[in-house]
Amino acid sequence: MRLVAAIVAAVLSAGSIAATTLIGFPEAAANYRAYPSSEQITPPSAPPAGYEAFHIEHYGRHGARWLIGDRYNYPVEVLEMAERNGALTPRGAEVLAELRPLRDAARGRDGELTAIGAEQHRGIARRMAWNFPTVFAPGTRLDARSTVVIRCILSMLNEVQELTAIYNDLNVTTDASEADMYYMNTPAHNPAWDRVQAVKDTLDAFRARYPVRADFAAKLISNPALIADSVDIPRLNNDIFDIAANSTSHGQQSDLVNIFSPDEIHENWLRYNAFWFWRYGNWDATGGIAANNQIELLRNVVLSADTALMSPSNSVNMRFGHEVNLIALVVMLEMDDYNRRYATFDEAMDPGPDGWHNYDVFPMAANIQLIFYRPRHGEYTADDILVKAMLNEREVSLPATPVEGSYYRWSDLRPLYLSKSCE
């Protein structure tokens with residue numbers, strides 16, 4: 001019996017994902033995942049005795065949005081074709097009834113911020129104001145920059161307006177300019193990006209091991225010949241999966257999720273997670289510099305902090321952009337284990353605690369907050385400046401020995417960050 005059990009386990013682990021922990025919703029929604037609610041967020045820890053917050057460096061992803069591209073149209077077109085041919089399954093008819101009004105509502109709103117996205121940023125601002133009141137002293141300089149994309153601009157305005165409603169004596173500037181795009185959303189044409197592109201075949205080979213299941217369309221369309229002749233099954237799967245994943249950008253999780261089996265949900269996540277790891281993870285094939293294609297953003301954060309730390313005044317530097325920038329910054333800052341080195345995709349895609357998981361990094365409205373502290377009284381030196389890092393308002397570790405809890409000397413971290421390169 002032991003031999004039989006060993007053989008069965010070997011077959012499962014080699015040819016199926018059934019023997020592993022499966023990633024399900026909401027985690028499988030990845031970058032479409034909803035931002036945590038206030039009830040899910042733990043208040044930050046108190047700083048070491050005698051210290052108070054005086055400066056914040058911030059990077060925030062835009063809030064919940066409509067999908068980008070032609071995602072809403074293709075599933076409706078396919079299911080309407082099946083309807084005309086009398087080939088819709090009962091489940092297919094239900095899906096079509098749900099997708100038609102959504103397709104109509106999405107017209108003209110490609111990638112735009114939703115009402116939920118705006119509220120996500122107002123909530124983040126309220127908690128920032130509540131958690132770090134010593135930063136927002138009268139006259140505190142708040143400089144907010146956005147990429148030139150409208151959903152990012154609106155995210156910035158919602159967050160800044162909420163802060164100024166709470167503290168009406170801030171010195172605020174806002175901007176969204178091509179002049180800042182070299183660091184706000186660095187074009188990926190540098191040695192680090194070239195290194196990533198050179199090993200895309202490794203990504204393709206891994207994802208090919210988890211193809212969209214051939215019978216997916218049969219859940220919705222009853223005519224096999226029609227499917228074979230007229231349906232792009234991977235595209236149908238991907239579009240419906242994205243619509244289901246992004247449904248929390250408009251309200252509650254959609255029942256479209258139930259079209260997918262647990263294995264299909266996990267496989268969709270694997271393909272997405274592998275893509276993001278290939279682009280920004282730390283693995284042998286790219287020499288650990290994949291995320292450094294956004295090196296100008298890291299340098300801007302460090303040098304902006306340097307300027308702020310030289311001033312006796314309090315200040316906040318805010319940036320609003322995209323998940324591609326934020327996840328790269330998380331890896332470059334070496335938050336928690338996201339800069340951990342992996343040898344292979346299989347090692348990184350482990351759904352257990354040792355794997356690289358995109359869903360914790362970049363939900364809608366994801367944000368990084370570096371909170372700087374100095375002694376409340378008396379003289380101090382650069383070595384006395386402490387920093388705490390928060391990812392989505394959760395305290396995370398940084399690559400140095402903490403002074404206490406989640407608090408680190410900035411002088412220990414700054415040289416490491418400035419030594420990073422895209423070469």
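These notebook entries record what I looked up in a predicted model.

**Entry 1. Nonpolar cores**

I began with the interior. The largest nonpolar core has 107 residues. I noted the residues with the most contacts inside this core, namely Ile-221, Val-231, Met-335 and Trp-410. Apart from it lies another core, of 24 residues, and I found Tyr-51, Ile-56, Ile-371 and Tyr-373 among them. As background I recorded that nonpolar side chains in soluble globular proteins tend to be buried together.

I then asked which residues Trp-410 touches, not counting those up to four places away in sequence. The list comprises Val-302, Ala-305, Asp-306, Leu-309, Phe-372, Ile-385, Val-387 and Tyr-417.

**Entry 2. Helix α12**

Several of those contacts led me to α12, which runs over residues 295–309. This helix has 15 residues and reaches 21 Å from its first C-alpha to its last, close to the 21 Å expected at 1.5 Å a residue. Is α12 mostly covered or mostly uncovered? I found it mostly covered, with 11 of its 15 residues buried. The buried residues include Val-302, Ala-305, Asp-306 and Leu-309, each of which is also touched by Trp-410. Others that I noted as buried in α12 include Ile-295, Asn-300 and Ser-304.

I next looked up what covers these buried residues. The cover includes the strands β1 (51–61), β5 (315–321) and β7 (367–375). It also includes the helices α6 (181–184), α13 (323–333) and α15 (410–419).

**Entry 3. Crossing of α11 and α13**

Since α13 had appeared in the cover of α12, I examined its meeting with α11 (residues 262–280). The two axes come within 10 Å and cross at roughly 60°. I recorded the crossing as right-handed. On the α11 side the contact is made by Trp-276, Arg-279 and Tyr-280. On the α13 side these meet Glu-323, Val-324, Ile-327, Ala-328 and Val-331. By class, I noted six nonpolar, no polar and two charged residues in this contact.

**Entry 4. Helices α4 and α3**

Helix α4 covers residues 115–131 and has 17 residues. Its reach from first to last C-alpha is 24 Å, close to the 24 Å expected at 1.5 Å a residue. Among its buried residues I listed Gln-120, His-121, Ile-124, Arg-127 and Met-128. What covers the buried residues of α4 includes β1, α5 (150–166), β5 and β7.

Helix α3 (residues 90–106) also has 17 residues, and it reaches 25 Å, close to the expected 24 Å. I found Gly-92, Val-95, Leu-96, Leu-99, Arg-103 and Ala-106 buried in α3. Their cover includes α2 (73–84) and α10 (233–245). Just after α3, I noted a positive phi of about 80° at Gly-108.

**Entry 5. Asp-143**

I located Asp-143 in strand β2 (residues 141–146). Is Asp-143 buried or exposed? Its relative accessible area is 14%, so Asp-143 counts as buried, because the cut-off for buried is under 20%. Leaving aside neighbours within four places in sequence, I found Asp-143 in contact with Thr-173, Val-316, Asn-317 and Met-318. I also looked up Arg-341, 198 residues from Asp-143 along the chain, and the two C-alpha atoms are separated by 35 Å.

**Entry 6. Backbone exceptions**

For reference, most residues other than glycine have a negative phi, and most peptide bonds are trans. I then listed exceptions.

- A cis peptide bond joins Phe-25 and Pro-26, with omega about 10°; Pro-26 is found in the loop between α1 (2–15) and β1.
- Ala-365 is not a glycine, yet has a positive phi of about 70°. This residue lies in the loop between α14 (345–348) and β7, and at 1% relative accessibility I counted it as buried.
- Asn-392 has a positive phi of about 55°, although it is not a glycine. I placed Asn-392 in the loop between β8 (386–391) and β9 (394–396), where its relative accessible area of 8% makes it buried.

**Entry 7. Gly-378**

I closed with the loop between β7 and β8, where Gly-378 is found. Gly-378 has 63% relative accessibility and therefore counts as exposed, since exposed requires over 50%. Between Gly-378 and Leu-303 I noted 75 residues of sequence separation and 25 Å in space, C-alpha to C-alpha.

Terms used
Residues numbered from 1 in each chain as written. Heavy atoms only, no water. Core = buried A, V, L, I, M, F, W, Y, C linked by side-chain atoms within 4.5 Å. Buried < 20%, exposed > 50% of the residue type's maximum accessible area, 1.4 Å probe, protein only. Contact = heavy atoms within 4.5 Å. Helix = DSSP H or I, 4+ residues; strand = E, 2+ residues; numbered from the N terminus. Expected span 1.5 Å × (residues − 1). Axes fitted to C-alpha atoms, helices over the stretch in contact; angles between N-to-C directions. Left-handed = near helix turned anticlockwise from the far one by under 90°. Nonpolar A, V, L, I, M, F, W, Y, C, P; charged D, E, K, R; others polar.
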